[in-house]
Amino acid sequence: MRVLILSAGLSDLGPAEAGALVGRAWADLGHQVALVPLGIGGQGLADAVSGIPDVVLLQPGAGESSASVGRSLRVALDAGTVLVDLTGDCPDDAGAGLLAELEGTERPPGQRLVGVVRSDELDAPLLGVRGVAARRAYASGGSDVGAALSGDAALARLASDIGLPDPPPGAGAGNGLALGIMALGGVVRTGPAVVGELVAIEASLAAADLVVLVAPTLDFGGAGIEEARAAAAWAQQGLLPCIALATRVQISSRELRTFGVESAYELGTDVPVAASRVARTWSW
Amino acid sequence: MTDTVTTTTTQGVILTDIAAAKVKSLMANEGRDDLVLRIAVQPGGCSGLRYQLELDDRSFDGDVVSEFSGVKVAVDKMSAPYLNGAEIDFADTISQQGFTIDNPNAQNSCACGDSFH
């Protein structure tokens, strides 16, 4: 039997370490185990991609200008893939500083540039009522129509100036920094999607008999749900059962089954013992 | 309740006579006759979008302005596509008080009546 472990970590272990610990439970029963670390964004994404060769991850912070992202990109010109984490705070200039910083710099044609976004920002519009300026102007109960309109007009001018007069869906992700990434020929993907592409997960899925998600928490408030959705979607793609093991599980089996996870098991503090019990159940 | 509409149009918003009278009285309370009723759509609320109504003395590029019984109604260009054909009424009954918006573009509304998508 071949088991594909997708690990976002456990409460006190990183993705790789937690995945290896859980995977040992199946390996001890004589099964083959493959491990893919998963990350949505932030430290989890950094942990997940740290072992993948030829990948550079940039994690911008809040601020007025994205020029520092441009400087980091220039330093990373020889990397095969550059990921820009857009899931956290991002600068306010929709990539204008990034593009100015890279003006005249020849990016290698084969280099892949990916903005990593939360799944709910995959299609985030740059402009309009649901766009970056409107979201910013109306944040925290604000109601300044004028600020929304002038901000939207400035973003429309920038998009036009950089050759994207009709910004594609997703350009509004990461406070609009995705626009700059797209202007450089980049794309936006979720963390699990980009990790899946980087490790060619299709090949692992084709060879696997069971998908096991490892996550710190699965709860009805949303923790671990994005990871669970990604794991379940891959399992469905390979027509495989998907189970989840987490340090804490606070979501009903019925809810988990609505997005394709067969069963979830709480590991508690003694991970090897709990994981062995699950491995004996899900073993053939 | 009378729902007579002074101007019938499928473009822009529609303000009923009752709502226009209410807006006039609100402007009179403020001692102003140079204000417009601005209706805008914002991101937010439990259904993703919500309405904002205010008396405004500003005008913005691209505003769609219509006049109903002497009351000007302005819709900014970002909100206009979401409000084509929306009817603003004013209700003053035991079960409902205040301005109401019947928007044919809304696929769903929240129970609070303030949010739609």
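Q: How many bridges join β4 and β5 of chain B, and do they run parallel or antiparallel?
A: In this predicted model, five bridges join β4 (residues 64-68) to β5 (residues 71-75) of chain B. The two strands run antiparallel.

Q: Which residue is the bridge partner of B:Val64?
A: B:Val75, in β5(B).

Q: What links the two strands?
A: They form a hairpin, with two residues between β4(B) and β5(B). B:Ser69 sits in that turn.

Q: What is phi at B:Ser69?
A: Near 50°. That is a positive value in a residue other than glycine. B:Ser69 belongs to the loop between β4 and β5 of chain B.

Q: Why does B:Ser69 count as partly exposed?
A: Because B:Ser69 has 17 C-beta neighbours inside 10 Å. The buried class starts at 20, and the exposed class stops at 12.

Q: Zooming out, how many helices and strands are in chain B?
A: Two helices and eight strands. Along the sequence the pattern is β-α-β-β-β-β-α-β-β-β.

Q: What share of chain B is buried?
A: 30% of the 117 residues of chain B count as buried.

Q: And what share of the chain B contacts join residues at least 24 apart?
A: 52%, taken among contacts between residues at least 6 apart in sequence.

Q: Switching to the interface. How many residues of each chain are in contact?
A: 12 residues of chain A are in contact with 14 residues of chain B. On the chain A side, α5 (132-137) and α6 (145-161) each supply at least two residues.

Q: Which element gives the most to that side?
A: α6(A), with five residues.

Q: How do the chain A residues there divide into nonpolar, polar and charged?
A: Six are nonpolar, three polar and three charged on the side of chain A that touches chain B.

Q: While we're on α6, where is A:Ser150?
A: In helix α6 of chain A. A:Ser150 is partly exposed, with 15 other C-beta atoms within 10 Å.

Q: How far apart are A:Ser150 and A:Ala133?
A: 17 residues in sequence and 8.2 Å in space, C-alpha to C-alpha.

Q: New topic. What does the domain assignment of chain A give?
A: Domain 1 covers 2-38 + 199-281, and domain 2 covers 53-192. Their C-alpha centres lie 32 Å apart.

Q: Which residues touch the most other members of the largest nonpolar core?
A: That core has 119 residues. Those touching the most other members are A:Ala178, A:Val211, A:Val212, A:Leu213, A:Val214, A:Ala231 and A:Ala244. The core draws at least three residues from each of domain 1 and domain 2 of chain A.

Q: Why would nonpolar residues gather like that?
A: In soluble globular proteins, nonpolar side chains tend to be buried together.

Q: Take A:Val214. What is it in contact with?
A: Leaving aside neighbours within four places in sequence, A:Val214 is in contact with A:Ile5, A:Ser7, A:Ala8, A:Leu10, A:Ala18, A:Gly19, A:Val22 and A:Leu245.

Q: Now α1(A). Which of its residues are buried?
A: A:Pro15, A:Ala18, A:Gly19, A:Val22, A:Gly23, A:Ala25 and A:Trp26. A:Ala18, A:Gly19 and A:Val22 also appear among the contacts of A:Val214.

Q: What do those buried residues pack against?
A: In chain A, they pack against strands β1 (2-7), β2 (32-37), β7 (210-219) and β8 (242-250). They also pack against helices α2 (42-49) and α12 (271-281).

Q: How far does α1(A) reach?
A: Helix α1 (residues 15-27) has 13 residues and reaches 18 Å from its first C-alpha to its last. That is close to the 18 Å expected at 1.5 Å a residue.

Q: Where is A:Leu29, then?
A: In the loop between α1 and β2 of chain A. A:Leu29 is partly exposed, with 14 other C-beta atoms within 10 Å.

Q: What does A:Leu29 touch?
A: A:Ala279 and A:Ser283, not counting residues up to four places away in sequence. A:Leu29 and A:Asp47 are 18 residues apart in sequence and 28 Å apart in space, C-alpha to C-alpha.

Q: Last one. What is phi at A:Asp54?
A: About 65°, a positive phi although A:Asp54 is not a glycine. A:Asp54 is in the loop between α2 and β3 (55-58) of chain A.

Q: Is A:Asp54 buried or exposed?
A: Exposed, because A:Asp54 has 11 other C-beta atoms within 10 Å, and 12 or fewer counts as exposed.

Terms used
Residues numbered from 1 in each chain as written. Chains lettered and ligands numbered in written order. Predicted model: local features only at pLDDT ≥ 70, side-chain atom pairs only at ≥ 80, totals over all residues. Helix = DSSP H or I, 4+ residues; strand = E, 2+ residues; numbered from the N terminus. Contact = placed C-beta atoms within 7 Å. Nonpolar A, V, L, I, M, F, W, Y, C, P; charged D, E, K, R; others polar. Domains from an automatic or database assignment. Core = buried A, V, L, I, M, F, W, Y, C linked by C-beta atoms within 7 Å. Expected span 1.5 Å × (residues − 1). Pairing = 2+ DSSP bridges.
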